[in-house]
Every structure is written in C-alpha cells, then in structure tokens.
Amino acid sequence: MKYSKPEVEKKVNELISKMSLAEKVGQLNQIGGFSFGQGPGPEEQIRERGAGSILWLNDTKRFNELQKIAIEESPSGIPILFALDVIHGYRTIFPAPLAMASSWDPDVPEKAQTVAAREARAAGIHWTFTPMVDIARDARWGRIVEGAGEDPYLGSAMAAAQVRGFQGDDVTGPERMLACAKHFAGYGASDGGRDYDPVYLPENLLRNVYFPPFKAAVDAGCATFMSAYMDLNDVPASGNQFLMRQVLREEWGFEGFVVSDAHAVGSMVTQGHARDTKDAALRGIKAGLNLDMSSYTYTKGVEELVDEGKLTVEEIEELVRPILAAKVKMGLFETPYVDEDLLEQVVNRPDHREVSLWSAQRSMVLLKNEKNLLPLSKDVKKVAVIGPVADSKTAVEGTWMVFGHEPAAVTVLEGIRNKLPDAEVTYAEGPEIKRDIPSWFQARREGDNPKPRQTSEEATAAIQEAVKIAGDAELVVMVLGETHFMSGEAASRASLDLPGRQEELLQAVAALGKPVVLVLVNGRPLSINWAAEHIPAILEAWQPGSEAGNAVADILFGDVNPGGKLPVCFPQKGSHAPLYYARNLTHSPESSERYNPRYWDGLPVPLYAFGFGLSYTTFEFTNLSVSDSQMKVGETLTVSVDVTNTGDVAGDEVPQLYIHQKWGTDTRPMRELKGFQRISLEPGETKTVEFELGPKELTYWSANVHDWIQDTVTFDVWVGADSTASLHAEFEVI
Ligand code: GLC
C-alpha cells in the first residue's frame, strides 16, 4: 500500500501524540540480536518501551515472535524494523560489491540486489545495511571489497544502482527493503588502510571524491544512512554535525534516518571524544543521529538529558519521526508479520541462480592472455586444479555472509568438473593460507577451537603433492588468492602479496613448463608481480558468489567472453598504497624528462591500471570528436567516439571518458572518469558511443574559494579502454 506524504505525516503525528518519552527513546534504540552481553534481552526491552529496530537476527520464526510482543505487549504497539547486512545476497549469493563494480554495468548490482531484497524480505528482514559506498584508494584496507573501488564517478553509478535494486521505485513493495548508504563518511581513507583508524580529509577531497557516491544514494532515494566508526578530522562520524546536519540534511535534503555503526554512539567515550555515556548520547542527538546501534547509550541517557533541560522533547521527536515514517511507508502497521512458508519458495527460484551466474560472468576481469592461451579447448583430457581456494565455498562466496548462512557455492574445481564431464580433473589444495591474526568475525565463525595451523613441513609436503599432481596433467589451473576472512571488516593487511606460500607453489608448478592459467579469488588488488611476468593467462574472478565455479569455467573454456574492467588499480607493493589514477600532475610529472622517481627503489606504477581489462577479441577506438570546441559555463557538449570490434568473436568493451582541466582556480587531477558505457559488439561491428559533458561533470568544490565552481578553461578529453587512454581531444569553456 503506497501512502502519500501527508498521510504518512498524519499517521506519524497520531503515534507521536500517544507515546511517552520513554517510548520515543525506545524508537531511537536498535537492539542487538546478540547483545554482546549488554542490556536486558530483547523481549524485556520491547515490553518496556518498544524498539526502533533489531539487528543481527536471521530467524523468520523469531522475527514474528518478537514482532508479536511489540504489537501486543509494548505501550504503543509500534512494529519493529528487522535489519541485517545483506551485502551481496541473502541465500543466493552474488559477486562481492567490488566484483559487481568490475562489471562497469549498473544493471548487475541493480538486478543482484533486487533478488537479494526479494529473498531477505521473504525471510522477514525489512532493512539492509547496504550499499557500502566508501571510496577506497588503499588496497591494504580490508573493506575495499565491500565498495566500488577508487573512483567517485563509477562509485556513484554503482551506489544508485544498488539503491534501486533494494528499494525499487516503491520501498513499500513486499519484495523491497530499506537500503542504507554507509559508512558516512570517509571511512576508507585511514592512514595505511588501517581499519577503524582516524581519517583526515580536507573539505575539497570530501566533497569531490568521498561524498559523491553518498549524494548519488540520496538522489536515488536511499531511505537510510549509517554513520562511520572513525574520527573524521577529530570528530567521530557518529557525533558529527557537519556530516549529518549540514551536509546530509541541510544541503542534500535527506529525509530518512541515520543509524550509527555498531556501538558507535557509546564508542565516542572510548574514542576520547565524549566524557561519559550521557555526554555521548547528547552529542549523538545534537548531531542528528537517529538510531543508536546496540550500544544502548540513548536508552541510558536521553531521558535524563531531557529532565536536565539539555535536550528538548521536540529534539527527540524530530529524530523519531523518520523512523516511524519508514515503518508506515513499509506497511508494517498493516502487515507486521512474515509468512514463514514463503522463504523456501523464494530462495529456490531458478532465475535467482541465473542472475547470480550472469553477474559473476560480467564481473570477472581478464588481466593477461599471452598468445591467446585462453579460451581453453574443452577437448583437454587431463586438467589439474590447484590452490588453497580452488575448492573453497567460503572463499568464493566471500565477505559478509549473513548470519546463519551455510555456504553452498559452486567452487572453481566443481565448475571445471561440471564443464568437462569427460575429462580427468585432478585437484591439490597446496599449502594452507591463514591470517596471522584472526579477526573477531573469524573467531566467532570458527569457534574457540580453530583447526591447528599447518606446520611448515606439512605445507612443504602439500606443495610437493601439488607439483606431482600438476606434473601428471596436460594443463594446470591455479586458483590462488585470499580466504573470505582476509578482506572485509577488521581485515586490513600491510602487504598485498599472495598470502602464505602460494607464490612458492605457483613458481614450483610453473617450473614444470606446462600451460598454466591463474584464477584469482580475492577481495582486494594483489601484488602478483611474478605471475604478471611469468604466467601466460590471468583471470581476476574476485569473490564471485553462488555460481562462482560455473562462471569461471564458462570464461576459461570460451562460453563467455570476459568484459570486466578494474575498479581499482593493482599496486606492485602494499607500500605503494594509497595508489590511484586521479592524481595531480605536480611540478615534476611522472612522464616528464625531469621525472624524479617517486621512489628510487622502484616506480610506483600500477601492475594493472584503473579501468583495465582484456577480452578474447580486440577493439579499436577512432573518430573521437567534440560537438563544440568551445562552450559557455553551464552549457553541455557531446563527445563521440567510434568503437570497432576488430577481432573474430563477439565481445564487450567499456569505452571510458576521462577529462583533465588544464589549469584553473584549483589544480585538478590529471585524469578524472566522467563517462562510461559497456557495449557489446559483433566481430567487425562499429558503434558510435556518445557522452555528455556539462556543469555536472565540470563543476568541482574549490579549496580556494570554498564553494562549487566551474572554471572557464581548456580541457583535455581522452576516450579509450582504460585510464591510460591516448585518443585525445580538447574543448574550451569560455
Ligand atoms: C559492522 C560494520 C557495518 C555493519 C554493522 C552491522 O561493524 O561496520 O558495516 O553494517 O556493523 O552489522
């Protein structure tokens, strides 16, 4: 049922008029499904004052039980919003968000999150903490896997697509759910990529690089936001009035509500920002933070603050309203319960697996294919599949599997066996890979007695066994990378090398002289320098989800021609990070004859550039033209280019448009992505692709004048297959 805005307001006002202050504060409280031992159990809290939301539960029956208590036993009978991290699938798992961004096709995240919403809503979940839209320019940061990479233009397209996927154009639909843009803001810019560490970003970087995907989410109608953990310029994001009042509400007109990250309101005391719990509550409310995620800071301190006159009831009501409005819009007052028989029908829809397979195929990136080793022939008789993630369901399902989800993905080994029913497909795991320091998430999933670490001798034996298996095969598919705990939250690392002894394994197998294909299963760029030089074919598969192995096999054996492109560059070393293409020229540009190496122990040139990706065919870019060599501020011109498939198989290309403002009020990056389109071309086919450049693309926030401006200057324009595109034109804004 779709309510008009006045109807929603009327209903909210009626509710507010009946509620006590305790209940109003209850709506600002999000109860932890597992409460980390804090606070009373959910039933007691619900009966006492109701609850805005409950998270970290994934139990349809339990949802209905708790909802019944809220409806029948809480003071005003206000239903609860159930929330969970449905990041890239509920039961049908899709490629991790960084992989979906590699498709450079907004349809991929939109279709994937549409399915995710349908399944999660059937389970009884109303709200997901997705999309994560943090820009990440440092591959050491574990959460790079959860976002869309280093670029605000690509990141904005992916953010809006995910919001559309979850919410559709009517979030009240029975198959839709509230989306949540997170983590507001700047979380990915901590020094060294160290998760949770403080972030220092000047306003021009915030507004030109880190805010745009969040703004795109607001413009797409995203219902909620999540404030980040860390200090932003010495003010915790969850107590940050600049972020949540000035930017999000006053400038962007956001009318939804903001939830903190886990315990982040209470954490303001730990961070040395708030004096005590009550002070933290005061700062959260003053900053416009609606919902306290499971720290119970609001329920402990807000009523007292009102009694002391430090907060007014109106200030509390202002934060309660959008939460109640969301519940009204979602129809929770009419339909608070979920049909407990629905889920199994929904999650077994064959079309869901088809969307997962399709999105995985479109997300993979071909990094190398010397002498066209790929695609492989299906007539091969004996293939060895080797590596610690070659037969791992968890590695390919990847980061942020929802609580209670049992991995069921098709592994790479299984996918190759599916593809080659008549061949002998042998397997060796090789040496185990494990984090040096387990994370809380790993400990929670693996329990208190994790499997003992493999000894060095055992690892050596495993390498020898793998080499033997490889020696008996015609062809070797190496599947290397990271486990699902090696990226994601609390999963930053100092190195970008292949973890453990994988490199040793790879070199030992390569020394046999057989054809070797490397498939990467990982959640971040990796410094695969040796492989890049010595291994003839490399496919970046990322964390491809439920249909992982089938998608990899489709590409390796030529049933699908890969068309993905990198949303992040691949540094040669972890110590080169943060590394990104959109940098300023400096007085000594890296291509100039005066070039002074940024490091004398090795140029920090990326192994693979932002936007890079190969195909089984080839493409040519010609006839780059701009509709006007000059235009006035505020006008728009068209850039067009012809793209031809010069090979003999059909394939996808992603023409990318980059601009560079040659001078102006501020120095601007030497290249900035301002247009892309993924297109399909038959052999010999040519398509003319057009891009528009106008105020939206050419305006930036100036550090010089502290405002948005568009300079009257000359621009370089490049269009090509990645961020190193050379086909060039110019235009002038007068
Ligand atoms: C986590 C994450 C956040 C997630 C939230 C709820 O710590 O930082 O991304 O949505 O808590 O699980």
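# A tour of loops, cis prolines and salt bridges

Start at Pro 375, which sits in the loop between β11 (365-369) and β12 (382-386). This is a predicted model. Look at the bond leading into that proline: the peptide link from Leu 374 to Pro 375 is cis, with omega near -5 degrees.

Next, select Thr 130 and Pro 131. The peptide bond between them is also cis, and omega is near 10 degrees. Pro 131 belongs to the loop between β4 (127-128) and α7 (152-167).

**Across to Glu 489**

Now pick Arg 143 and Glu 489. Their side chains form a salt bridge, 3.6 Å from N to O. Arg 143 is in the loop between β4 and α7 and Glu 489 in the loop between β14 and α21, so the bridge ties together parts 346 residues apart in sequence. Are the two partners buried or exposed? Glu 489 counts as buried because its relative accessibility is 10%. Arg 143 is buried too, at 1%.

Step on to Ala 490. This residue is in the loop between β14 (475-481) and α21 (502-510). Check its backbone: phi is near 55 degrees, a positive value in a residue other than glycine. Ala 490 is partly exposed, with 24% relative accessibility.

Select Glu 482 and Arg 493 next. Here the side chains meet in a salt bridge at 3.2 Å, N to O. Each partner lies in the loop between β14 and α21, and eleven residues separate them. Both are buried.

**A second positive phi**

Jump to His 263. Its phi is near 60 degrees, again positive in a residue other than glycine. The loop to display runs between β9 (257-260) and α11 (267-270). His 263 counts as buried, with 18% relative accessibility against a limit of 20%.

**The loop after β3**

Go to Asp 85, in the loop between β3 (81-84) and α5 (97-101). Asp 85 is buried, with a relative accessible area of 7%. What does its side chain touch? Show Lys 182: the two side chains make a polar contact at 3.3 Å.

Then select Arg 91 and Glu 344. This pair forms a salt bridge, with the closest N and O atoms 3.0 Å apart. Arg 91 is in the loop between β3 and α5, while Glu 344 is in helix α15 (residues 342-347), so the bridge ties together parts 253 residues apart in sequence. Both ends are partly exposed: Arg 91 has a relative accessible area of 33%, and Glu 344 comes in at 43%.

**A negative patch**

Color Asp 59, Asp 339, Glu 340 and Asp 341. Together they form a negative surface patch. Asp 59 comes from the loop between β2 (53-55) and α4 (60-73). At 35% relative accessibility, Asp 59 is partly exposed.

**A salt-bridge network**

Select Asp 105, Arg 362, Asp 652 and Arg 678. Salt bridges link these four in a network. For the wider view, how many salt bridges does a search of the whole structure find? The count is 47.

**Last stop**

Finish at Trp 663, in the loop between β21 (656-661) and β22 (672-676). Trp 663 is partly exposed, with a relative accessible area of 48%. Add Thr 712 to the selection. The C-alpha atoms of Trp 663 and Thr 712 are 9.4 Å apart in space, and the residues are 49 apart in sequence.

Definitions and conventions
Residues numbered from 1 in each chain as written. Predicted model: local features only at pLDDT ≥ 70, side-chain atom pairs only at ≥ 80, totals over all residues. Heavy atoms only, no water. Patch = residues over 30% accessible without salt bridge, like charges linked within 9 Å, V, L, I, M, F, W, Y side chains within 5 Å. Areas by Shrake-Rupley, 256 points an atom, 1.4 Å probe, with all protein chains shown as cover. Lys, Arg positive; Asp, Glu negative; His and termini not counted. Charge placed at Lys NZ, Arg CZ, Asp CG, Glu CD. Helix = DSSP H or I, 4+ residues; strand = E, 2+ residues; numbered from the N terminus. Buried < 20%, exposed > 50% of the residue type's maximum accessible area, 1.4 Å probe, protein only. Polar contact = N/O pair within 3.5 Å; in protein donor to acceptor, adjacent residues only side chain to side chain.
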